[in-house]
Every structure is written in C-alpha cells, then in structure tokens.
Amino acid sequence: MDGETSRDRWWLVAASGIAVFMTQLDATVVTVAIPTIQERMDIGPSLAQWVVLAYTLPLIALTVPSGRWLDGVGPRTALVLSVSGFGAASALVGLAPGIAWLIAARAVQGAFGAVLLALISLLATIAVREQARGRAMSLVLLLGALGGMSGPVLGGLLIETLGWPWIFYLNVPASVLVIAIGMTQLPPGGRPRLPDRLWAVEAGLLGAAAVALLLALSLAGGSGAGWVALAAVAVPFVLVWLRLPGSRPVVDLLRSPGVAAPHLALLAEMAAVMAVQFLIPFHLQRVAAVPPAQIGLTMLAFPVAMLLTGPVGGALADRWKPVRVARLGTVVVTAGLALLIPLGSDWGPADLAWRLAVAGAGAGLFAGPDQAMAMAGTPRHLLGTTAATTSLARQLGVALGPALATGVWAFSGYDPQGMRLALALATALACASVLALTWPARRPLIRTTQ
C-alpha cells in the first residue's frame, strides 16, 4: 500500500471513522427494524433472523481474505470500490420488494462491510505520522463504538418517522462523503483487481468454520453444554485453510509477539465486555424491575465513559509507549468488571452505572493504543492483513462473550448466583487481556518503516 506522507491527514482519519460508523451502525440498527420487516413482508421469526445473519456472516468469513486483497491494491482504489459497493448495497436493501431480495442485498452489504472494516485501520495508519497514530486509532475506534451504540436509538426514530428503508438509505450520502474525502486525500495508484479463485476458497473455508463455531456457542447457551462439541466441525476447515498459501502472512504475523499480544488482548477484552453488556440488562429487568428506557440509560454509562477517555488514551499513547496505555486500560476494565461480581439483589441503575463507567473508561484507554501496537509491529506491505485480523479478533470477541456468559448462567438454571459466576468469568477474560500485554515477550520481529 502506498500513500503515506510526512504530513498528518486528519480528514482521511475522519473519513475512516465515518466508514466504521456506518458498518457498526448497520450491525445493530436492524435489530429494531426486524419486527416491522417481519410484519410488512409477512414472514416468520426464523426467516427474519437471516436479515441479521446475512450481514454478520460475511463480516467474519471475508475479513481476513479482504485484508490480503487490500495488501495488493492502492488505498484510494480500495476505498472507492468498497464504499461505493457498501452504499449501493444499502440502497438495494431499502428498495427490497421481498425477503429474498432483502437477504441477498444484506449479504452483499456485509461483504463490502468486511472490506471496509479491514480498510479503516490501514487508512488511519497511513494517514498520520507514527507520533500521532494513537490519537488517530482512538478517534476511528470511538466512532465505531458510537455507531454500534446509536444503532437501536437512531433506528427507532427513523422507523417511526420515515419508515424502515431509511435506516439503510442514509448510508448513501455518507458513502458519497467518504469517497469525496478519499479522492482528495489519497493519491491515485493501484488498478482495480478482482479477488482470485483462491480468495473465494479462503472465504468459503473461514465462513464454514465461523458458522460451525457460532452455532455451537449459540446452541450450547440455549440447549445445553453438549452442543459445544459442534465447534469441532470448524477444525477441519481451519486446517485446510492453514495449508493454503494465503494463510502464510497471517500465521507469520501472529507468530510475532509484537502483533500476537494485542490480538489476544483485544479478543479477551471484547469477550469480557460483551458478556457484561449482555448480562446486566437481564438483572435490571428481572431483579430490579427497571423499565426498558431506564435500562438503556444505565447501559449508556459504558460507552459514554469510553467516549470521554478514548481521546485521552490516544494522546497518552502518542506521548508514552502505546503498550503502557493499553495495559493500563485493561487493568481498569478488569477492576470495573470485578466490582460487578457481587451483584446484590438490591442493586439498581445507579449501583451498576458507575461500575459500568469504570469499565468503559478502561475500554476507552485500551482501544486505540492496542490497535496502534498491532499496526506498529507489522511490515508495511502487510498492513491490510493486520487491519483485517484485528477486526476479526474484535468480531469473534463480540460473538464469544455473550455465548460464554449464557452458557455459565444457563448451567446454574438462570439464577442470580449463575449470573455472578458469569460475571466472574468475564472478569477472568479481562485478566487474560492484562496478561497478554504483560507477559514477557521479545521485540517485534519486524516494524513498520517510516
């Protein structure tokens, strides 16, 4: 990839943030639209859930292959193709006359979203000097968190005022804005290049492995721990993928301590946080008898604290070593989650909100510096691959956390003590993220050249 200069291009960082905002928004905004879509298209719940799955599965299956593709394509070409494809697919979703069209368009939207999620960290890396990279990564990741957080709220407002298709139509002007910024901030270079057949084989293998893993976790939580065995179905697909030439850059990267550690920390931290985000609303609803609107306000404590500390984490990472700030963030997250473990039956929104805010503050300190660590330990020609693998680690953590929490909680018969055990597991996962960034390691084998 080319296009790095000695000056900082914050407009390009902003465009990356808008792009990740769109992709994360579309992952959550549709949840409030599903009942309306189900009613308007006269379909059952089992079919309606594919409106979500059709978008999610390509995000997991295509992220790593997309990263390899990005390593051989100029950044401006990749940005224009991926953003225009995402915007066009969004319009097709809104125009869908029936469920088959809608599901197919959502799958296309998810495919382009996978490329975008791999691209954004790369753009933030080449847009600024290394001395400003922590701030750039923090800004982009905070906008992504804001997109996921605002999805249900924005979706509800749009459905009530303009109708459900408008939750997708809004991506079109946003896509035009991102492309316009990219065209002015990035130099020409890199001809459009379609993925080869091997790319499709990789996507199929990783997609099949992802489906097996997610089904195993989902069924284990709802139907018994025995369904965990289904995860073994993913192993042959991964082993075949490891024999393909395309897996070699990923394996080489993850063998390097300078890249492996932030990946492991990200996976563990996301799983811990998402487990808690899944569990706390159940306590508020079932035990504290809190109305839905107040539950939403309570859960906002985490992202609001994250938004406040994220810029601080980026600035500190640029002044100190990113690993120090990321490590501090994981310690604060762990402390916040540990404070939740007692989970008294008399705990209300105020008792939970300040503890969630502590964890959110740590997450804000962690996110940008951890991503900056991963990108700094990567050779320049593999920046796209690392951007993709960190995105995959984040998505796997999002899926793994609620599934593990549900499994532990279900094992105890969904009683309060089981929820406390699940919160203890989440805290243990957060501790694992601390260890990943603390365990003695050699220097990165390769560093990005400036």
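**Legends to the close-up views**

Of the 450 residues in the protein chain, 53% are buried. The model shown in every view is a predicted one.

**View 1. The protein chain as a whole, with 19 helices and 0 strands.** The accessible surface of this chain comes to about 18,700 Å², and 71% of that surface belongs to carbon and sulfur atoms. When contacts between residues at least 6 apart in sequence are considered, 84% of them join residues that are at least 24 apart.

**View 2. A nonpolar patch on the surface, made by Val-235, Val-238, Leu-239 and Leu-242.** Together these four side chains form a patch of about 300 Å². One of the residues in the patch, Leu-242, has its place in helix 11, which covers residues 234-242. Leu-242 counts as partly exposed because its relative accessibility is 36%, a value that falls between the limits of 20% for buried and 50% for exposed residues.

**View 3. The surroundings of Glu-269, a residue of helix 13.** This helix runs through residues 257-286. Glu-269 is buried and yet has no salt bridge, for the nearest side chain of opposite charge, that of Arg-394, is 7.3 Å away, whereas a salt bridge needs a side-chain nitrogen of Lys or Arg within 4 Å of a carboxyl oxygen of Asp or Glu. If its neighbours within four places in sequence are left aside, Glu-269 is in contact with Val-333, Ala-363, Phe-366 and Ser-433.

How values were computed:
Residues are numbered from 1 along each chain as its sequence is written. This is a predicted model: local features need pLDDT of at least 70, side-chain atom pairs count only at pLDDT 80 or more; totals for chains, interfaces and linings use all residues. Side-chain values use heavy atoms; hydrogens and water are left out. Patches are made of residues with over 30% relative accessible area and no salt bridge: like charges are joined within 9 Å, nonpolar side chains (Val, Leu, Ile, Met, Phe, Trp, Tyr) within 5 Å. Accessible areas come from the Shrake-Rupley method with a 1.4 Å probe; for residues, only the protein chains shown count as cover. Helices (H or I, at least four residues) and strands (E, at least two) are DSSP runs, numbered from the N terminus. Buried means under 20% relative accessible area, exposed over 50%, partly exposed in between (1.4 Å probe, protein chains only). Lys and Arg count as positive and Asp and Glu as negative; His and the chain ends are not counted. Contact means heavy atoms within 4.5 Å.
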